[in-house]
Amino acid sequence: MCADRDLHGGDPPDGDAAYEVDRKVQDALDRLTLLINAAEALASTLDEETGLRRLCHTLVPGLADWCAVDLVDRRGRLRRIVIEHRDADRLSPGLYEGLLPPTEGSAAAVARALQGAGPILLTEFLPPHSAADPLHARELELFDRMTADTAVIAPLRARRQVLGVITLVRTTREARLDQDVLSLVEDLAHRVALAVDNSRLHFEAQHTAERLQRSLLPDLPADGAVELAARYQSAVATAQVGGDWYDAFLLPEGATTLIIGDVAGHDLRSAVTMSQMRNMLRGIACDRKEPPGKILARLDAATHILYPHQTLTCIYALVEKQSPDEPWQLHYAVAGHPEPLLVTWEGETRFLDGGRSMMLGVDPDEHRPDDTEALPPNSTVLLYTDGLVERRDEMLDRGLARLRQHASALAREPLETFCDELLNGLAAAGTDDVALIAVRIAAPAAGPATATAE
């Protein structure tokens, strides 16, 4: 075989043909790379808007000089979620984004795409004054102000419905969009639509799970002699529900029961197990009326029988008076849970480290001690789950110190404000759900206060 013949026995391609082959291969690789980068941007988050912004950063200037994504919201209105231009000076934050005029009967290309047409290639653009309706006017005005030589508008289809449209624009004749790019845009639009649909399905599932978990949390007693407030917040960063819970109820002899707990896991099953544990603990407490350590020991024994592989942490506490002339006291037991925090009216803070034992569900023969702490007038006791103080990138001691600092500054605030500010200051960027319950001991001259929760 001659050295200048190819492997198939034919003559080698001439220079122009070889260049053409190389160019087509490079174009295919560029398109594949673009689709991979777009997929990675969309898969990097379940937040709809964040994912679309990352997508547009990928597409500009790789595929377009500027692009926009419009979505149909849950009320059927078209809303521009993001617009991105290669020249950052052309856009101010939020400019051109937001709610768009009605699409029904509009002559705008985005309206035709919403009806399923497309991808639509635009090579000529009317002046804004020739618009036939408000949406058409907004579209032509955008093309005019951002400049456009060619554009492709494609519907975002998923599960037999159109969720919105994506607009890709080139501003110069040298890099025009043409018919060859339509198949790429169609593939891209399909990927975007699937990502938007998955994000919305996740939101709906999460919203349903969180509503279920909140429905499982109790109302606090409103007729006790101490003031109560409680909060629950699902994980902000991960949007997960979990097994955190609080509880409070009055016993016949007048003591107020406070409970905080955390069932292992971060899913809907954990939330259901949490509810079962809470109801089981309520039944044991009301039936036995024993010291906190005994109550937790009975819950541990029941857990090993009914849920042999389940673990949880818990605090069971009683706020009570031995006689009218004696101070209020906290009688409590802690099973593997973060220690209660006592905050005085003067802003002094101290963790209550008595009555500690390991978490429930590990050893049914574990001794469960309890302890008693006198509560000064106007003091606050806070029970909380670990999501309030734990961070993945720091030692626990820093989170506990931060809690003491915040609580001290809030010592004289109303109890509702106390709880709200702790959540805002400590759980705003948390990766775990948070439950907390606080009790405030009134001064001797003060009358009974109400109990509220959110």
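A salt bridge is a side-chain nitrogen of Lys or Arg within 4 Å of a carboxyl oxygen of Asp or Glu. The exercises below concern a predicted model.

**Exercise 1. Salt bridges around Arg53**

Task: Determine which residue forms a salt bridge with Arg53 at 2.8 Å, and establish which residues belong to the network that contains Arg53.

Solution.

Step 1. The closest N and O atoms of Arg53 and Glu97 are 2.8 Å apart, and the cut-off is 4 Å. The pair therefore qualifies as a salt bridge.

Step 2. Locate the two partners. Arg53 belongs to helix H2, whereas Glu97 is in the loop between strand S2 (78–85) and strand S3 (98–99). With their positions 44 residues apart, the pair links distant parts of the chain.

Step 3. Examine the other contact of Arg53. Its side chain also meets that of Glu49 in a salt bridge, at 3.1 Å from N to O. Both Arg53 and Glu49 lie in helix H2 (residues 48–59), four residues apart, which is about one turn of the helix.

Step 4. Classify the accessibility of each residue. Glu49 has a relative accessible area of 38% and is partly exposed. Arg53, at 27%, is partly exposed, and Glu97, at 21%, is partly exposed as well.

Step 5. Consider a separate pair. Arg77 forms a salt bridge with Asp73, with 3.1 Å between the closest N and O atoms. Arg77 is partly exposed at 29%, but Asp73 counts as buried at 18%, because the limit for buried is under 20%.

Step 6. Assemble the network. Salt bridges that share partners join Glu49, Arg53 and Glu97 into one network. The whole structure holds 22 salt bridges.

**Exercise 2. Cysteines and disulfides**

Task: Explain why the sulfur atoms of Cys56 and Cys67 are not bonded.

Solution.

Step 1. The cysteine sulfur closest to that of Cys56 is in Cys67, at 3.2 Å.

Step 2. A disulfide requires sulfur atoms within 2.5 Å. The separation of 3.2 Å is therefore too far for a bond.

Step 3. A search of the whole structure agrees with this, as it finds zero disulfides.

Step 4. Compare the surroundings of two cysteines. Cys56 is buried, at 0% relative accessibility, whereas Cys286 is partly exposed at 40%.

**Exercise 3. Order of the strands in the open sheet**

Task: State which strands stand at the edges of the six-stranded open sheet, and what order the strands follow.

Solution.

Step 1. The six strands are arranged in the order S3-S2-S1-S6-S5-S4, with antiparallel pairing.

Step 2. S3 and strand S4 (120–122) are the edge strands. Each has a single partner strand, so one side of each is left without a neighbour in the sheet.

Step 3. Inspect one pairing within the sheet. S1 and S2 pair in the antiparallel sense over seven bridges. Glu84 is the bridge partner of Cys67 in S2.

**Exercise 4. Backbone exceptions**

Task: Identify which peptide bond is cis, and where the non-glycine residues Arg160 and Lys289 with positive phi are placed.

Solution.

Step 1. Recall the reference case. Most residues other than glycine have a negative phi, and most peptide bonds are trans.

Step 2. The bond joining Val60 and Pro61 is cis, with omega about 5°. Pro61 is in the loop between H2 and strand S1 (66–72).

Step 3. Arg160 has a positive phi of about 65°. Arg160 is in the loop between strand S5 (150–158) and strand S6 (161–170), and it is exposed, at 91% relative accessibility.

Step 4. Lys289 has a positive phi of about 50°. Its place is in the loop between helix H6 (268–288) and helix H7 (292–306), where Lys289 is partly exposed at 42%.

**Exercise 5. The span of H7**

Task: Verify what span is expected for H7 at 1.5 Å a residue, and list which residues of H7 are buried.

Solution.

Step 1. The expected span is 1.5 Å times one less than the number of residues. For the 15 residues of H7 this gives 21 Å.

Step 2. The end C-alpha atoms of H7 are 21 Å apart, which agrees with the expectation.

Step 3. The buried residues of H7 are Pro292, Gly293, Ile295, Leu296, Leu299, Asp300, Ala302 and Thr303.

Definitions and conventions
Residues are numbered from 1 along each chain as its sequence is written. This is a predicted model: local features need pLDDT of at least 70, side-chain atom pairs count only at pLDDT 80 or more; totals for chains, interfaces and linings use all residues. Side-chain values use heavy atoms; hydrogens and water are left out. Helices (H or I, at least four residues) and strands (E, at least two) are DSSP runs, numbered from the N terminus. Buried means under 20% relative accessible area, exposed over 50%, partly exposed in between (1.4 Å probe, protein chains only). Two strands pair if DSSP finds at least two bridges between them.
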